[in-house]
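Biologist: I have a chain to get to know before I go back to the bench. Can you walk me through the fold, one question at a time?

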Amino acid sequence: MKTRRFVIFALFLGLMNTSILTKVRAADFDKKILEHCRAQIAESKALLNEILSIKKNRDVANTLVPYNKLGKLLDSAGALAGLMSSVHPEKRVRTSAETCESEISKFATELSLNRELYEAFTGLNTAGLDATAQRLVSKTIQDYKRSGVDKDEATRARIRELNEELVVIGQEFDRNVREDMRYIELDSKDELKGLPDDYVQAHQPGANGKIRITTDYPDYVPFMSYAHSGEARRRLAEVFKNRGYPKNESVLKHMLEKRAELAKALGYSSWAAYVTEDKMIREAEAVSKFIEEVSAIAKTRAQRELDELVLEKKKDDPQARQIQDWEKAYYEERVKLAKYSFDAKAVRPYFEFTKAKQGLLDLTSELFAIEYRKVSDAKVWHDSVEVYDVYEENQGKHLGRIYLDLHPRDGKYKHAAQFTLRSGVAGEQIPEGVLVCNFPDPKSAQPYALMEHGDVVTLFHEFGHLLHHVLGGHQKWIRFSGVATEWDFVEAPSQFLEEWAWDANVLGRFATHVETGEAISPHLVEKMRIADEFGQGVAARQQMFYAALSLGYHNQDPSKFDPLKMLKDLQSKYSMFPYQPGTYFHLNFGHLNGYSAMYYTYMWSQVIAKDLLSVFKQKGMMNLDLALQYRKKVLEPGGSKDAADLVKDFLGRPYSFDAFREWLNGSES
């Protein structure tokens, strides 16, 4: 599962003064981060008073410019706190960062409910403003109204309380998952049969004679895909799905209750109705219809794929009638081997981590006319983090800085995401972003740090977010900087970039066998692609299960449903696999905090991505003129236009469902 996370507090996008990074390894960094946080809040309050002291003749200079500065100041510590709470190796620092997040969120909530500031915007004369400034005023007024600024004082007070409570609840939910690394122990190497040699070598018996397999992705994903031992896979799936249990039972209950109460206080029928209002899709009912439409399109293909999985399982168990969730990946690999003569283990030696990372940098440098320069003296929170400055090719213009934190460790965020470290502002500061993933580490993996091809796709996906953040991070107004489009569009640029991880010419540049040095052949890549298409129907139905769960938890009174029962019911309706008894997936479904009711956005964004890709498929994946147009018209504007207009500017027409439908139906050329 691929995830991403935004550091967003009320109205403002995350940003920081990276000078504090010089202290990230200091013994007292937990105190420094709080000092920095509180200093920025104090400066923000002083600036707010300055803005409110203007009583007439409001204009760009005395209202919009200082408001822009206020946005920067408010979250100068927020982005750092959001990152450090997820990646810093010291728990005391993560705890202080969470405190910082809470304090910033509290002030941001107060700001969003400040009626004087709201009236300052409604009192602005916008007649002489350019289109982007007018958009800023309009969007800000909309933000204030959605925050509840026009409610009575008692309601605003309760809104403040609820927002503050929800930050703490969300932190606890994430922390309970992040810090809950579980494992199973195997009695002998016989239970490692089927796994790649490099994996077996990396998993030797411990002092107790047993072999430990953890729920961290480099352990979990290969084991579920290749291990012959069905019982071991079942056990590992069980502990994986039970991360966060039982602690998150009460946490999730409180989260849903507080969100429902907040939505009602703001005048909405449900939290789902509230969070979808300002997205491309506009309303919760449209999300429900979208889930049903995708499910219907995928149904025939998914059933056909499931039947093939059952037939493969019958080779082991002639009485088999069903595939369990924990059997899916294993039998998919078996079908791909039997039907397409494709063995995913056979391509692992072509995807060594260091070469894959460099291949991605080389590709994106060429596509988007940029240059990466490694920074050797940057201050980082862990020795494994690499830093690059991004420049305009042949021009020397400094576009941004990226940090790559790509390997697992205790206490670190468990999935894959792009975090904001600093949002850019034209002429004032460059954007800085962080890629946080959990891929095999060349320093510890033996003999090689080999990746699944799916890991390579994930790397490309998350890097798409990073590019959007950097290339779109040169706006005048921070409100529109970087990945600041509607939430249900932000996955499109990352899903778009995934396609190059399937291109034979691109893979041939860096996917070379670790022992022979031979480049992966176009024939093998084609087999890999054809094999990958198997399971897309099943995967689409699984995604709609997640989307329906996300929506269902937030679309009704939380006191009137049982979360586990709803999970079972929705899994039965949408997924092709039954519920695994004794598991509590919803308690480690991290998107319930970050995305709340909006998990649908992954598939919605894929609709857009497939449409964008249709042009490249016609004109060539390495058409550099087309790639530059995409950079200029889709990535660089950030949030300065509606997403639908960005897509229309590039395609020359409104976005369409056609390319996605053809792909899901299996009729894509």
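Biologist: Which residues of H9 are buried?
Modeller: This is a predicted model. Eight of the 10 residues of helix H9 (residues 217–226) are buried, so the helix is largely enclosed by the rest of the structure. The buried residues are Tyr 217, Asp 219, Tyr 220, Pro 222, Phe 223, Met 224, Ser 225 and Tyr 226.

Biologist: What do the buried residues of H9 pack against?
Modeller: Both strands and helices take part. The strands are E3 (183–186) and E4 (211–214). The helices are H8 (197–202), H10 (230–241), H14 (328–340) and H15 (344–347).

Biologist: Which residues touch the most other members of the largest nonpolar core?
Modeller: That core has 152 residues. Helix H24 (residues 601–619) gives the most to it, with 10 residues. The residues that touch the most other members are Phe 223, Phe 351, Phe 463 and Trp 500.

Biologist: Which residues does Phe 351 touch?
Modeller: Leave out residues up to four places away in sequence. Among the contacts are Ala 449, Leu 450, Met 451, His 453 and Val 456. The others are Leu 507, Phe 510, Ala 511, Ile 520 and Met 528.

Biologist: How many residues are in the second, separate core?
Modeller: This core includes Leu 74 and Met 84. Ala 97 and Cys 100 are also in it. Its size is 56 residues.

Biologist: Is Arg 631 buried or exposed?
Modeller: Arg 631 sits in helix H25 (residues 624–635). Beyond its neighbours within four places in sequence, its contacts include Phe 368, Ile 370, Glu 392, Leu 471 and Glu 636. The cut-off for buried is under 20% relative accessible area. At 1% relative accessibility, Arg 631 is therefore buried.

Biologist: Is Arg 156 buried or exposed?
Modeller: Arg 156 belongs to helix H7 (residues 153–178). Outside the residues up to four places away in sequence, Arg 156 touches Leu 113, Arg 115, Gly 148, Val 149 and Lys 151. Its relative accessible area is 9%, so Arg 156 is buried.

Biologist: What distance separates the C-alpha atoms of Arg 156 and Asn 114?
Modeller: Along the chain, these two are 42 residues apart. In space, their C-alpha atoms are separated by 9.5 Å.

Biologist: What distance separates the C-alpha atoms of Leu 256 and Asn 593?
Modeller: Leu 256 lies in helix H11 (residues 247–265). It is buried, at 4% relative accessibility. Leaving out residues up to four places away in sequence, it touches Tyr 553, His 554, Pro 558 and Phe 561. Leu 256 and Asn 593 are 337 residues apart along the chain, yet their C-alpha separation is 9.7 Å.

Biologist: Which residue does a cis peptide bond join to Tyr 245?
Modeller: Most peptide bonds are trans. Here omega is about 5 degrees, and the bond is cis. The partner lies in the loop between H10 and H11. It is Pro 246.

Biologist: What is omega for the cis peptide bond from Gln 446 to Pro 447?
Modeller: Pro 447 is placed in the loop between strand E9 (432–436) and helix H17 (453–471). The bond from Gln 446 is cis. Its omega is near -10 degrees.

Biologist: Is Asn 57 buried or exposed?
Modeller: Asn 57 is in the loop between helix H1 (29–52) and helix H2 (60–74). Its phi is positive, near 55 degrees, though Asn 57 is not glycine. The cut-off for exposed is over 50% relative accessible area. At 62%, Asn 57 is therefore exposed.

Biologist: Is Ser 596 buried or exposed?
Modeller: Ser 596 is not a glycine, but its phi is positive at about 50 degrees. Its loop runs between helix H23 (591–594) and H24. Relative accessibility is 5%, so Ser 596 is buried.

Biologist: Why does the chain count as compact as a globular protein of that length?
Modeller: The chain has 27 helices and nine strands. The globule rule gives 26 Å for 669 residues. The chain is as compact as a globular protein of that length because its radius of gyration is close to that value, at 25 Å.

Biologist: What share of the 669 residues is buried?
Modeller: The C-alpha atoms fill a box of roughly 80 × 60 × 55 Å along the principal axes. The chain exposes about 25900 Å². Buried residues make up 61%.

Notes. Residues numbered from 1 in each chain as written. Predicted model: local features only at pLDDT ≥ 70, side-chain atom pairs only at ≥ 80, totals over all residues. Heavy atoms only, no water. Buried < 20%, exposed > 50% of the residue type's maximum accessible area, 1.4 Å probe, protein only. Helix = DSSP H or I, 4+ residues; strand = E, 2+ residues; numbered from the N terminus. Contact = heavy atoms within 4.5 Å. Rg over C-alpha atoms; globule rule 2.2 N^0.38 Å. Areas by Shrake-Rupley, 256 points an atom, 1.4 Å probe, with all protein chains shown as cover. Core = buried A, V, L, I, M, F, W, Y, C linked by side-chain atoms within 4.5 Å.
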